[in-house]
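Here is a friendly walk through one protein model. Have a look at the chain first, and then we'll start at a single loop residue and work outwards.

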Amino acid sequence: MNNIEGIYLNYDRILAEFSEEVIQSRYAFLYKECLYFLDSLGLHSQVRIDETILMHMVLDYFCDVSRLKKFHKIYHINEIKVISYETYWLLRRKPLQVLKDEPHDDFLSFINEKFAFSRIASFLMKKQGNLTLNDSDKKSFMNYLDTLYYFLKYRQYDPQMLELMILGFRAGELLGKSTKPAP
């Protein structure tokens, strides 16, 4: 009979399916992103990356990817699913750990959500290049980002919901392009 711990902590099947090199590569990529995020905010003295939690996050991500690939009978998942499932597990595991909590400092309270949010926002904007928005579009975009961040902080989420939010953003991009008058 399988016990819960054996089911959730036995990653041998995942290592065999994806290879240790692929898993280590994803771990290294996310670790560097965490470092860059903390560097950009000057938070190294206040926040640390828990390497064990980050590794469990990566392994949990690959467990979900494995199930997805088997269920849909596919070999690769798209980039939207990648960011959605990574974000989900980042928020579930919370690898960024606050070392010292300053009184009345709410900034650090949601550091994992801020990190996940920054990754999604970067993903959404990577295809935009040097986009210049008019005031109305800028306000709409900022409202979208505010809502996304609020959702990550206070609402229940799952990878499918995150995927839908990103797909909704992409649909809005297409709609915006199709409604602009031709030059």
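Let's begin with Lys-94, which sits in the loop between α5 and β2 (96–98). Helices (H or I, at least four residues) and strands (E, at least two) are DSSP runs, numbered from the N terminus. This is a predicted model, where local features need pLDDT of at least 70 and side-chain atom pairs count only at pLDDT 80 or more, while totals for chains, interfaces and linings use all residues. Residues are numbered from 1 along each chain as its sequence is written, and side-chain values use heavy atoms, with hydrogens and water left out.

**Two loop residues with positive phi**

Back to Lys-94: its phi is near 55°, a positive value in a residue other than glycine. Most residues other than glycine have a negative phi. Ser-19 has a positive phi too, near 85°, and its place is the loop between α2 and α3.

Are these residues buried or exposed? Here buried means under 20% relative accessible area, exposed over 50%, and partly exposed in between (1.4 Å probe, protein chains only). Lys-94 counts as partly exposed because its relative accessibility is 30%, and Ser-19 is partly exposed at 29%. The table sets out some residues that lie in helices.

| Residue | Helix | Relative accessible area | Class |
|---|---|---|---|
| Glu-113 | α6 | 7% | buried |
| Asn-112 | α6 | 6% | buried |
| Arg-13 | α2 | 45% | partly exposed |

**What these residues touch**

Contact means heavy atoms within 4.5 Å. Leaving aside neighbours within four places in sequence, Asn-112 is in contact with Leu-90, Leu-91, Lys-94, Pro-95 and Leu-96. So our opening residue turns up in the list for Asn-112. Asn-112 and Leu-90 are 22 residues apart in sequence, with 7.2 Å between their C-alpha atoms.

Glu-113 also meets Lys-94, along with Leu-91, Tyr-149, Leu-152 and Lys-153, again not counting neighbours within four places in sequence.

Over in α2, Arg-13 touches Ser-66 and Lys-70, with residues up to four places away in sequence left out. Arg-13 and Cys-63 are 50 residues apart in sequence, yet 9.0 Å apart in space, C-alpha to C-alpha.

**The whole chain**

Stepping back, the protein chain has 8 helices and 2 strands. Their order from the N terminus is α-α-α-β-α-α-β-α-α-α. Of the 183 residues in the chain, 38% are buried. Among contacts with a separation of 6 or more, 77% involve residues 24 or more positions apart.

**The core**

A nonpolar core is a set of buried Ala, Val, Leu, Ile, Met, Phe, Trp, Tyr and Cys residues joined through side-chain atoms within 4.5 Å. The largest one here has 50 residues, and Met-57, Tyr-61 and Leu-96 have the most contacts inside it. Elements that each supply at least two residues of this core include α2 (12–18), α3 (20–41), β1 (47–49), α5 (79–93) and α6 (111–125). Which helix gives the most to this core? That is α4, with 9 residues.

Met-57 touches Leu-30, Glu-86, Trp-89, Leu-90 and Arg-93, not counting residues up to four places away in sequence.

**How the helices pack**

Axes are lines fitted to C-alpha atoms, for helices over the stretch in contact, and angles run from 0 to 180 degrees between N-to-C directions. α4 and α5 pack at about 140°, with their axes 9 Å apart. That angle makes α4 oblique to α5; angles under 35 degrees count as roughly parallel, over 145 as roughly antiparallel, 65 to 115 as roughly perpendicular and the rest as oblique. The contact uses residues including Ile-53, Met-57, Tyr-61 and Leu-68 of α4 and Val-82, Tyr-85, Trp-89 and Leu-90 of α5. By class, the residues in this contact are 8 nonpolar, 1 polar and 5 charged. Ala, Val, Leu, Ile, Met, Phe, Trp, Tyr, Cys and Pro count as nonpolar, Asp, Glu, Lys and Arg as charged, and the others, Gly among them, as polar.

The axes of α3 and α6 come within 11 Å and cross at roughly 110°, which means that α3 is roughly perpendicular to α6. Here Phe-29, Leu-30, Glu-33, Cys-34 and Phe-37 in α3 meet Ile-111, Lys-114, Phe-115, Ser-118 and Arg-119 in α6. This contact has 6 nonpolar, 1 polar and 3 charged residues.
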